[in-house]
Amino acid sequence: MSKKTIHPAKTLAGGVSLPGDKSISHRYAMLAGLAEGLTEISNFALAADCHSTLDCMKALGAEVKADKSLVRVTGYGLQGLKSSKRALDAGNSGTTIRLLSGILAGQNFISKIAGDDSLNKRPMKRILTPLREMGAHIEARDENFAPLEIHGAKLHGIHYEMPIASAQVKSAVLLAALFAEGDTSVIEPARTRDHTELALEQFGVPIERRGLTTRIVANGKIKVTGKKIEVPGDLSSAVFFIAAASLFPESTLHIQGVGLNPTRTAILDVFARMGASLQMLSLRSAQGEVIGDIVIKGAELKGGIIERAEIPLVIDELPMLAALGPYTQEGIEIRDAAELRVKESDRIAALAENLRAMGAKVDERPDGLKVQGRSAGKLHGAVIEPRGDHRIAMAFAVAALGAEGPTTIRDAECAAVSYPTFYDDLARVAE
Ligand code: S3P
């Protein structure tokens, strides 16, 4: 599939259950590789990104068997990793390279890790700084980019005040702390997803959490233990369906088994604030994470401003929100989101370019964009250039459902980075 044509829809109906959460799958795969014994992970993400993590753990000596979404990993304990014969390949995945760097920094061997062209252009200094402070020896191209050469070293704990709100940076430090002497604490400037903290607890690592501070007490007794664990459905993927269903007044869509961790659900608050009709049902807890169903009906969306501390909590959902802008009453404005420029693509530029191609009025800014609402006119079909970015491709596939005439998404298979069956699942519920 090099391109995909999306035809306008009239409504969305039926049910979807989503592949496992990408962020959580990465963490379970890494901790399973560091654990003693067998870990059995059900509903593991189908995302190519998470398979990059599994491949890396395998290359580092963990035994990995994947049968669709059921993954079995046998690890040999915290000191059980071995040097990989070849350079590790993180593919398109920022989470793989950044989190794994924390683990590799504390080994007694040298590792090389890199990714695809897009990943090799993304900033790594944000993890190099705290890891070096812990005693790590890491060489990076131009001091900021992959390939990284990580010379495993004896690490010591640090007290790190993070300059940016990033779950990946926080997680890299917490994972390195497993190998460090002394305590490590990380202080976030604003709350970010806490899947690493929850996963560490589940795998038997005691941590302390107070406000925005997370602390790992390394008393030489840390033991990571394999277990049976289930990954919730990916809320970031659910958001494409929530947005699509909202477009049409007649829609009723039931999304089953979605992860509703409170550090991820700010996007549901944004939708509710804009007037979306959302209901959460059958809430339950699954190994520290919250899972539930979402029922979504069509509704008039007001639009509005997304800014400040809310940004890190909805960072992956901003492409979908921006692409919904032309369907809202007041339009959508995103501020304080310069981070979007260093994601899988420069998402601000990609959004502005493709929204304009569909006829939207967009004001692009260094740290965000303003997309005018319905009064600026209806969108029309266009050719979308996703710049190899899964979330841009999926956001515009949804925007295309409400447009006049067909839309072609170029290089559509890039969606597989997080959601390989996205177009089929969307076609099944769109009428
Ligand atoms: C992620 C954290 C976020 C997010 C990414 C996944 C994670 O990145 O955008 O898709 O799994 O920790 P940052 O930490 O760079 O904000």
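Visitor: What makes the pair formed by a side-chain atom of S23 and an oxygen atom of the ligand a polar contact?

Guide: This is a predicted model, and in it a polar side-chain atom of S23 lies 2.7 Å from an oxygen atom of the ligand. A polar contact is a pair of N or O atoms within 3.5 Å, so the S23 pair counts as one.

Visitor: Which backbone atoms lie at such distances from an oxygen atom of the ligand?

Guide: A167 has a backbone N or O atom 3.0 Å from a ligand oxygen. For Q168, a polar backbone atom is 2.9 Å from an oxygen atom of the ligand. Both values fall within the 3.5 Å limit, so these pairs are polar contacts too.

Visitor: How much of the ligand does the protein bury?

Guide: The ligand taken alone exposes 380 Å², and 94% of that is buried by the protein.

Visitor: Where does the ligand sit?

Guide: The ligand sits in the largest pocket. To say so, more than half of its atoms must lie within 2 Å of the pocket's grid points.

Visitor: Which elements give two or more residues to the shell around the ligand?

Guide: They are the helices α1 (22-34), α3 (94-105) and α5 (167-177). The residues around the ligand include S23, R27, T95, R98, A167 and Q168, and also R126, R193, D316 and K343.

Visitor: How is that shell divided by class?

Guide: Six of its residues are charged, four are polar and two are nonpolar. R27 is in the shell, and Arg counts as charged, so R27 belongs to the charged class.

Visitor: What makes β6 and β8 edge strands?

Guide: The open sheet has four strands in the order β6-β7-β9-β8, with mixed pairing. β6 (88-89) and β8 (137-141) each have a single partner strand, so one side of each is left without a neighbour in the sheet.

Visitor: How do you know that β6 and β7 pair?

Guide: Two strands pair if there are at least two bridges between them. β6 and β7 (residues 110-114) have two bridges in the parallel sense, so they pair. L88 stands opposite I113 in β7.

Visitor: Which strands are joined to β25 by bridges, and in what sense?

Guide: β1 (residues 3-6) is joined to β25 (residues 407-410) by four bridges, and the two run antiparallel. β24 (residues 383-384) is joined to β25 by two bridges and runs parallel to it. I409 of β25 is the bridge partner of K4 and also of I384.

Note on methods: Residues are numbered from 1 along each chain as its sequence is written. This is a predicted model: local features need pLDDT of at least 70, side-chain atom pairs count only at pLDDT 80 or more; totals for chains, interfaces and linings use all residues. Side-chain values use heavy atoms; hydrogens and water are left out. A residue is near a molecule or strand if one of its heavy atoms lies within 4 Å of it. A polar contact is a pair of N or O atoms within 3.5 Å; within protein, one must be able to donate a hydrogen and the other to accept it, and residues adjacent in sequence count only if both atoms are side-chain atoms. Accessible areas come from the Shrake-Rupley method with a 1.4 Å probe; for residues, only the protein chains shown count as cover. On a 1 Å grid over the protein atoms alone, a cavity is a set of points where a 1.4 Å probe fits but cannot get out, and a pocket is an open set with protein on both sides within 12 Å along at least five of seven lines; lining residues have an atom within 4 Å of a point.
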